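Colleague: I am new to reading models like this one. Could we go through some of the words people use, and how each one is justified?

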Amino acid sequence: MLPFIKEAVTGLFSKPSTEAYPFKPVEAPAGYRGRIVFHADQCISCGMCERVCAGGAITTHSEETEEGTLVTRRFFLGSCTFCGHCAAFCVKHAIELSQDYHMVARTEEELVVSGSYLKKKPAKKAEAACAAPEESTVKPREDGLPVNDTSKCVYCTLCAKKCPAGALTVDRKAKTWVLDEDKCIACGTCHDVCPKKAIIM
Amino acid sequence: MTYEIFKHFPVLAIMCYFVGAFIVTLAGKRRMLRNVVAGAVMLISLSLLLSLVVPVMVDGQIITYWMGNWEPVEGYAIGIAIEVDALSLFFGLLVAIAVALAGFYSFRYITQDDANGPFFTLFLMLSGGVMGIVLSGDLFNIYVMLEVMTFAAVGLTAFRSWNPNAREAAFKYLVVGSIGSTCVLLGTALVYAQCHTLNLAQISAMLPGNMNPTMVFAFAMLFTGFGCKSFMFPFQPIAADAHGAAPSSVSVLISGVFTKTGVYGIIRVSYFLFRTMGLTSMQTLLVFIGCVSMFVCVTMALNQHDFKRLLAFHSISQIGYILTALGLCSALGIAGGLYHAINHTLFKGLLFLTAGAVLYATGTTYLEKLGGLARKMPQTAALFMVGAFSISGIPPFNGFASKWMIYQATYEKAAETGSIGYALVTVVCVVTSVLTLASFIKVGQSVFFGQLPLEYENVKETPLSMRIPMWIMAALCFLTGLFPDLMVEYLLGPATAAVLDTARYIDAAMGAGYAEIVANSTAYLAEPVLVFAGTWDPVSWLLLFVIVMCAVTLVSLAGRRSRGALTLADDAKHATFFGGEEAEFSHVASGDLFWGFKHNLRGYLNFMSRAHSGITNDYVVWGVCAMAVITVYCFIFM
Amino acid sequence: MFKKLIDNSAARSPWLFHINAGSCNGCDIELVALLTPRYDVERLGFKLAGTPRHADIVVVTGPVTAQSKDRVLRTIAQVPDPKVIVTLGSCPRSCNVFRGSYSVVGPLDKYVPIDVSIAGCTPKPEAIIDGLALATQILKEKRGAK
Amino acid sequence: MEFLIKIVYILIFPGLLFSSVFGLWLAGIDRKVVARMQRRVGPPVLQPTYDFFKLLGKETIVPSCAARHTFLIAPYVGLISLVVTALFIPIGGLQAFGGMADMVVVLYLITIPSLAMIFGGSASASPFAGVGVSRSMVAIMAYELPLILVLLSIGRAAGGTYVTFSLERVTLYQQMFGSFLFDWRLIPAALAMLLVIPCEVGAHPFDVGEAETEICEGPLVEYSGAPLAVFKLSHAIKMFIMTALFCALFLGGISTGMLWLDVVIALALCSVVTLICMTLLHAITARLKVEQVFKFFWTVVSGLALVSLILVWFVD
């Protein structure tokens, strides 16, 4: 009993350990995963974020316009677990979890983070495609190893990352996709993970 | 003498009941006629006694009536006397009021039972017997009336003879009651052998100071006998059985009136006939028995699952209060005891009548089965609460006024004698009072509040003819609590003086100066002057209450406008907050209430429950042991 | 004047009632964290009430499970007016990761209008304080509307 | 004139207005200081007042299976009897209705608010209330025994060779011979009384009946709006009354000759007693179980009070 009394009395005469929060702003600690910030201009529409989102918070809406496809990516914070998977999987670092935790809303719309960008129609490529329409069609190989459809590939490197045998080397800058046929075990992982369905087996 | 005419009233009051009892039988199955006769009898008797208030209570007369005009010859009373002093009239009034109210209640209540005929005969016999005891001035006459009363009560207990419990209770009652009657008869015979007279006044002139072993034995017998009639500890289990089984209006009589005759007998025996009350040992004995009765019975009451059995145990608990107060042998104590006696008759009567109302409406008094009746029977619930508050001594009801006097008296006695034991008596009284409150909260929670079981969805309020007597009793509970000054001045004061002033009683019967010549000592056992250390002034208290109530009502009315009308709908919003299934019946059972209390006292409570085994033989053994112990005690200390 | 007094007091003494509609307990713990010396919402007059009858603000956590739905709705109905319904965390707002489960029948706004939602999984206590402050404001508006 | 003075007593000075204001203030400092002892900032001192007025403005819901009249009347009965109790307790020698049978009256009157809560809760037909009713009643049974022992000790000590039940005499005696708190025979009784106060008020660690977390505030579970406000007010006034009773019984000897100064001192003492017996206990203890409360009061606390009674009785 006595130690408690001592504690209480010393508590009475010491400074309270309470934060003065609403009157004095408080910063979230480093590493806090708060409100999602979407840099739409960096998005390459690989759709990885949407696929890894556990809460199903990310939706994509595309609209065809004259200049190309207007892609709107919508992050509904009310359904978000703030796990950070989308940010981790985004190769372009277009998604970022900020330290802003003031996610209080009266309506649903206030909880939505969205960004749109215009995916231009590939005008030049289209001409090239016109020139050699047949060549661009890639057929599956007969030995079961993967083939890359370069017209679809965005060189996101996901297939290389996922490849269990390390048979794929993808270089984003050089836009190359090289398969080491000796290492490949034809497991099909690259085919499964490819967001653009560019790998054909 | 201007009061000549009043001389005949007491005997008429007694005879009224007996004559009425036989006329009622003649009425047969004609209910109206029967009710008229019984009602008239009860009202006549009540008004006869009320008319005696002025001469006896106010003017201090003692009315003596010699049956057949057999007046004393040469200082020996050879005739049967009816002698009414303030004490007798006090008890007489109490009897008449309780009988009248219980009787009027019965008119409707008893229609549920098919056998109508014998009820009022027995009822009036019981009333007449009780009235005979309290007004009589003759020891053997008292015995005869005691027997009349006991057998009528046994008959009434077994009245619902289709109920095996009732038959069993009546049997137990008969057996244990006989112990009491035997004791009284033996005591009476011994006294007659010693004094050659049966007149109370003459005995009380001759006996005190002339005690010999025979008389000590006679005293022990009379004391035990009347104690048995008042169901003091250890005779209390019989009361529980009898009250539980008898019809409620009869329970009113058994609890409110029948037990009072025991108290009256103890007063007459120990304050008048033997004047042993002056002895410390005697005071200790009575106070001890009172305390044990009140504490044991109140804890037993907490353990009960039946409304009426619970009330029965409370009766004895309250009798314990009365005995404790009377055992103090001080004016304040006697006044407090008598005050509590009349209060007990009123509030316990009221409670038994509400129990009867519940039984009438639902067919059961089993606490675990009932619940939520306040919504269906709001008036009965209100009446119950008046009764419960009165018995628990909540101001401003009457129980508080009398308990206050008892606390005061016990504590003053403690200071006077310098004995800390009496201070502990005060503590026991207060604790008992709290436990009483607890057990009535248990009843309130299990019967009137909480959830309403589905089978009682169609229960209706009791008929008006049953509610009127209850309301009268409730009003009396309130009034007797509100005007303790008037009570003291007109009822308790004279009665207390009568208890302490034996010389006047003797002189009134035997002729002036008789006491001085014959009696050894006519000194007061205690100063018959009521001294209050403080005054309890409920009227100004009530004034406060009314004013504050008005203020609060005004405020709440003012607030109500802004809140809008209170709606009462049967939707989720107005359902009780509960996490379980919607329709779940979740009433806290009466047995589970006060678990914290029962858990701590489980050793004691289990012992007590086992001791109240319900076996007649056990109870007889208890009674005989009590008789033996009291006898031995009297021989040692007198 | 009396009305103004009551209105002012109402803003300073919002009592909370907390309903767990199948939450993982994360939000519940953060709500309780508000009572700790560090956050101490009692200084703003908030108090965790034991029963819906005393509450002004109902705080719901968890996706509404099939088992809890009836009880949640019943309890919300039992809060006296004016009341504000606050959802704490993502679950009651959208069922979050539990969406589509056979046992989840949420989100809450299928059944009752939500006044304030506090997002986060779980929200930071400061965010909860923000949310409750907003709820208090709404409470005031509702009082005025009445 | 006398009637007017009575009205003033009832409505203003020790009565309704004053006891409400002071009670709410006591409740406020209690909450504030508990918070500070736990190193929190704590609510403003006026917080109970805000709560009270807010509740006045809320909707009152009567559950459909409640006994309506009892449910609605009970809080007011409790409040009234508390206000009336306030009139009987001498505050710094000022007793609105002196010379009455105070001690026993006070003993019984202060159970009425708890009783009102019990009957009101019981009338609400909630099973939580049922449990709360049971627990509150056990708490009453628990503290009543030590309380009467304390009162008897005081009555004997103040009565000299005689005994008294009059608070007025107790105060007078203390003004002549010094406060009872400094009488060594009565120190156990004072300790017992300090423990009785939180139990009577329903404060930690003896608030078994109104446990929010376990049984949803027990008897109060179905109350909302104005009746609840009245109960909260009663709770606050009870704090005032019980501490004032303690001051009258044990600290009545302070007399400066000026009535108003006496009253102010008495009120300050009330606050101090509140801080000691309620706030400190609240800060350092957790809630006991109901059977522990009962056991504690019937053994330890009653034992203390009994020791005092015996000392007062046999030692001069």
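Colleague: Which of the pairs of chains in contact share the most contacts?

Modeller: Chains B and D do, out of 5 pairs of chains in contact. Two residues are in contact if their C-beta atoms, placed from the backbone, lie within 7 Å. No contact joins chain A and chain B, and their closest C-alpha atoms lie 25 Å apart. Keep in mind that this is a predicted model: local features need pLDDT of at least 70, side-chain atom pairs count only at pLDDT 80 or more, and totals for chains, interfaces and linings use all residues. Residues are numbered from 1 along each chain as its sequence is written, while chains are lettered from A and ligands numbered from 1 in the order in which they are written.

Colleague: What makes chain D as compact as a globular protein of its length?

Modeller: Let's start with its elements: chain D has 13 helices and 0 strands. Helices (H or I, at least four residues) and strands (E, at least two) are DSSP runs, numbered from the N terminus. The radius of gyration of chain D, taken over C-alpha atoms, is 19 Å, and the globule rule gives 20 Å for 316 residues, so chain D is as compact as a globular protein of that length. That rule is 2.2 Å times the number of residues to the power 0.38.

Colleague: Why is B:C329 called buried?

Modeller: A residue is buried if 20 or more other C-beta atoms lie within 10 Å of its own, exposed if 12 or fewer, and partly exposed in between, with C-beta atoms placed from the backbone. B:C329 has 25 other C-beta atoms within 10 Å, so it is buried. This residue lies in the loop between α13 (307–327) and α14 (331–362) of chain B. Its phi is positive, about 55 degrees, although it is not a glycine.

Colleague: And C:N25, is that residue buried or exposed?

Modeller: C:N25 has 12 other C-beta atoms within 10 Å, so it counts as exposed. C:N25 sits in the loop between β1 and α2 of chain C, and it too is not a glycine but has a positive phi, about 85 degrees. Most residues other than glycine have a negative phi, and most peptide bonds are trans.

Colleague: Where is a peptide bond cis, and what is its omega?

Modeller: One of them runs from B:F233 to B:P234, with omega near 5 degrees. B:P234 belongs to the loop between α9 (213–229) and α10 (236–245) of chain B. A cis peptide bond also joins C:C121 and C:T122, where omega is about 0 degrees.

Colleague: Why do β5 of chain A and β2 of chain C count as edges of the sheet?

Modeller: The open sheet has 6 strands in the order β5(A)-β5(C)-β4(C)-β3(C)-β1(C)-β2(C), with mixed pairing. Two strands pair if DSSP finds at least two bridges between them. β5 (104–105) of chain A and β2 (47–48) of chain C each have a single partner strand, so one side of each is left without a neighbour in the sheet.

Colleague: How do you know that β1 of chain C pairs with β3 of chain C?

Modeller: There are 5 bridges between β1 (residues 15–20) and β3 (residues 57–61) of chain C, and at least two are needed. The two strands run parallel, and C:H18 stands opposite C:V59 in β3(C).
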